Amino acid sequence: MATQEIVELQRVFLSRLDALDHILDVGEKHFADLGAALQERLAPDMFPLGSQIAIACNQPRGFSQWCADEPVENLAADVDSVAVARAHIRQTRELVSGIRAGDEKLDEVKRIGLGPGRYCELPGRQYVSDYLLPNLYFHVTTAYAILRKLGVPLGKADYMHFLAPYVKLSGAA
């Protein structure tokens, strides 16, 4: 049974995946062929848009697999179509929705690979707060920034799309 802390993480993951999906929606409205933009980068040494989407999905996917005591299998970073990007988001949402772990999972130590020959070991809560969530936000932000660079009319409200249900208007109508 998932505890409140796990349920809250599911909510965060799902709402940020929804925001990523929304960002793609805006991109598709702007471009006749958003697929052509999937190879665009902010800088030559950064991953392209398609990879940013896959890597953003890998964060909650990896958490879901870890909670299920399964090996973490990352998505391939070479996303070459919008259909693949959307499938990654949809499949990740399904994995996240299926998390069934107790808080004790967050007390376990998680080994995190950091590239060839490098890793760190963090307690689960620290893994979530210091590694997983910052990575998720970094890659969603970078996807947003690539589309902005290409002229897609995105704003902070698109990035923080998950707040839309809570927005209120003040003053007289």
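What is the average pLDDT of the protein, and what share of the residues score at least 70? The model is a predicted one, and the protein averages a pLDDT of 93, with 98% of the residues scoring at least 70. Confidence is highest in helix H3, which covers residues 82–97 and reaches a mean of 97, and lowest in strand S1, residues 109–113, where the mean is 90.

**The hairpin**

Strand S1 is paired in the antiparallel sense with strand S2, residues 119–123, and five bridges join the two. One of the residues taking part is Val109, whose bridge partner in S2 is Pro123. Five residues lie between the strands of this hairpin, in which Gly115 takes a positive phi near 110 degrees.

**Salt bridges**

Side chains of opposite charge can pair when their charged atoms come close. The structure holds nine salt bridges, and the table lists some of them.

| Salt bridge | N to O distance | Where the residues lie |
|---|---|---|
| Arg11 and Glu8 | 2.6 Å | both in helix H1 (residues 4–30) |
| Arg86 and Glu28 | 2.6 Å | Arg86 in helix H3, Glu28 in helix H1 |
| Asp107 and Arg125 | 2.5 Å | Asp107 in the loop between H3 and S1, Arg125 in helix H4 (residues 124–149) |

The salt bridge between Arg11 and Glu8 stays inside one element, since both residues belong to helix H1 and stand three residues apart, about one turn of the helix. Arg11 counts as partly exposed because its relative accessibility is 40%, and Glu8 is likewise partly exposed, with a relative accessible area of 34%.

In the salt bridge of Arg86 with Glu28, the closest N and O atoms are 2.6 Å apart. This pair links distant parts of the chain, for Arg86 is in helix H3 and Glu28 is in helix H1, 58 residues apart. Is Arg86 buried or exposed? Arg86 is buried, because its relative accessible area is 17% and buried means under 20%. Glu28, at 38% relative accessibility, counts as partly exposed. Both residues also belong to a network of salt bridges in which Asp21, Asp25, Glu28 and Arg86 are linked.

The side chains of Asp107 and Arg125 meet in a salt bridge with an N to O distance of 2.5 Å. Here too the pair links distant parts of the chain, with Asp107 in the loop between H3 and S1 and Arg125 in helix H4, 18 residues apart. Asp107 counts as exposed because its relative accessibility is 54%, whereas Arg125, at 31%, counts as partly exposed.

**The segment after helix H5**

On the surface, Leu163, Tyr166 and Val167 form a nonpolar patch, and together they have about 330 Å² of accessible area. Val167 has its place in the segment after helix H5, which spans 156–159, and Val167 counts as exposed because its relative accessibility is 59%.

Ala164 is also placed in the segment after H5, but at 46% relative accessibility Ala164 counts as partly exposed. How far apart are Ala164 and Val72 in sequence and in space? Ala164 and Val72 are separated by 92 residues in sequence, and their C-alpha atoms are 32 Å apart in space.

Notes
Residues are numbered from 1 along each chain as its sequence is written. This is a predicted model: local features need pLDDT of at least 70, side-chain atom pairs count only at pLDDT 80 or more; totals for chains, interfaces and linings use all residues. Side-chain values use heavy atoms; hydrogens and water are left out. pLDDT is the predictor's confidence in each residue, from 0 to 100. Helices (H or I, at least four residues) and strands (E, at least two) are DSSP runs, numbered from the N terminus. Two strands pair if DSSP finds at least two bridges between them. Patches are made of residues with over 30% relative accessible area and no salt bridge: like charges are joined within 9 Å, nonpolar side chains (Val, Leu, Ile, Met, Phe, Trp, Tyr) within 5 Å. Accessible areas come from the Shrake-Rupley method with a 1.4 Å probe; for residues, only the protein chains shown count as cover. A salt bridge is a side-chain nitrogen of Lys or Arg within 4 Å of a carboxyl oxygen of Asp or Glu. Buried means under 20% relative accessible area, exposed over 50%, partly exposed in between (1.4 Å probe, protein chains only).
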